[in-house]
Amino acid sequence: MSNPTNPPSPQLFMEVVTAHQKTGALKAAIELGLFTAIGKTPATAAEIAARCKCPERGIRILSDNLTIMGFLEKADSRYSLTPSSAVFLDQNSPAYFGSAVKFLLSPAITEAFTDLASTIRRGSVHTSEQGTTAPDHPAWIEFARSMGPMMGPAASGAADLTPLDSARDTRVLDISASHGAYGIAVAQKNPRAHLVALDWEAVLAITEENARKAGLGNRFSKIVGDAFTVDLGRDYDAVLVPNFLHHFNLADCTRFLRRVHAALRPGGRVVIIEFMPNADRITPPPAAEFSLVMLGTTPEGDAYTFSEFQQMLNDAGFSDTTQHSLPSSVQTAVIAVA
């Protein structure tokens, strides 16, 4: 029987099934530079259109819809940025990460969801055998180029959780380093730390450039190859594993963590950064929803709970496993001692 205070409604269905329209509108605004065109000065549709070099009609309709969605504010026919849009979507902001759409809306990600039913029926990714876990997958080059700015606060928080001995030279390994934000943050807070970044060769070119810009040119080296098979080296004080384990099944994660344990000096720490749902797997929503991304883009990946990380780490020889929230992030740090 229906509840008169909460009658059946098609609203949620319509919001979800048309969500691609909102995604397209935001992508268009970023590509047109609309948020940057508005900047700190409220502007009419005609003024924004002139700055974006577009006909007014499209800019007016787009701006109205961005206002409805909450990205803009409108008063007296003038549009202005919300505080969040000013920080994250104006290219003049140091915290700008609008370029993240290049990865988040890349074919490697979006095509995975065009026929998700086939992936579920088959029990494997419908787009390719290995999905985004394929060696040298080109998606990770775009990830490295565009996603670093989003990781800044979380990387800084993880670095605070990774104190190193300031009285001696130390070594840090950044697994699947990509943009290098996590390893760079640790090295910047520990002046005697040498950073070793591991990833595919094309990706590491971006990591190295970012490390050089961060002033780490003399404290940076790299390992090229597959993290499951390449020689990781030895005697690290910390091994960072950001956004890597969710691509693989539990057994492979445990196997990999045994390699990490062998690469650490006694007392060294592994620092894992992950989307970590609660045991119910539906809360908190931003972390729990990430399992769907892994379903669509990897053969066997998932979003793992803290108890699952504890089990993996225990089986790999680690102890004292703890979890820590990260600032301005839906992700969690899981730290254990070798």
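**Exercise 1. Against which helices do the buried residues of α10 pack?** Work this out on the predicted model shown above, then describe how α10 runs beside α13.

*Solution.*
- Start with the helix itself: α10 covers residues 139–146, and its buried residues are Ala139, Trp140, Phe143, Ala144 and Ser146.
- Next, look for their partners. These buried residues pack against α7 (101–104), α8 (107–110), α11 (148–160) and α13 (201–213).
- Now take α13 and compare axes: those of α10 and α13 come within 9 Å and cross at roughly 5°. Angles under 35 degrees count as roughly parallel, so α10 is roughly parallel to α13.
- Finally, list the residues in contact. Trp140, Ile141, Ala144 and Arg145 in α10 meet Ala202, Val203 and Ile206 in α13.

**Exercise 2. In what order do the seven strands form the open sheet?** Then find the strands at its edges.

*Solution.*
- Trace the sheet from one side to the other: the order is β5-β4-β3-β6-β7-β9-β8, and the pairing is mixed.
- Check the two ends. β5 and β8 (319–325) each have a single partner strand, so one side of each has no neighbour in the sheet.
- Look at the turn between neighbours: it is 20° on average, with direction ignored.
- Zoom in on the β8 edge. β8 pairs with β9 (residues 332–337) in the antiparallel sense over five bridges, and Ser325 stands opposite Thr332 in β9.
- Add the helix that lies across β6 and β7 (264–274): this is α14, running at about 140° to β7.

**Exercise 3. Which parts does the aromatic pair of Phe228 and Phe244 tie together?** Describe the pair's geometry and its surroundings too.

*Solution.*
- Begin with the whole structure, where a search finds 12 aromatic pairs. In the one formed by Phe228 and Phe244, the rings are 6.0 Å apart centre to centre, with 35° between the planes, which makes the pair tilted.
- Place each ring. Phe228 lies in the loop between β5 (220–224) and β6 (236–242), while Phe244 lies in the loop between β6 and α14 (250–263), so the pair ties together parts that are 16 residues apart in sequence.
- Ask about exposure. The cut-off for buried is under 20% relative accessible area; Phe228, at 13%, is buried, and Phe244, at 8%, is buried as well.
- Widen the view: ring pairs link Phe228, Phe244, Phe248 and Phe256 into a cluster.

**Exercise 4. Which ring does the charged end of Arg171 sit over?**

*Solution.*
- Find the charged end of Arg171 and look for the ring beneath: this is the ring of Tyr236, with its centre 4.3 Å away.

Technical notes: Residues are numbered from 1 along each chain as its sequence is written. This is a predicted model: local features need pLDDT of at least 70, side-chain atom pairs count only at pLDDT 80 or more; totals for chains, interfaces and linings use all residues. Side-chain values use heavy atoms; hydrogens and water are left out. Rings of Phe, Tyr and Trp (its six-membered ring) pair if their centres lie within 6.5 Å; planes under 30 degrees apart count as stacked, over 60 as edge-to-face and the rest as tilted. Helices (H or I, at least four residues) and strands (E, at least two) are DSSP runs, numbered from the N terminus. Buried means under 20% relative accessible area, exposed over 50%, partly exposed in between (1.4 Å probe, protein chains only). Two strands pair if DSSP finds at least two bridges between them. Axes are lines fitted to C-alpha atoms, for helices over the stretch in contact, and angles run from 0 to 180 degrees between N-to-C directions. Contact means heavy atoms within 4.5 Å. Angles under 35 degrees count as roughly parallel, over 145 as roughly antiparallel, 65 to 115 as roughly perpendicular and the rest as oblique.
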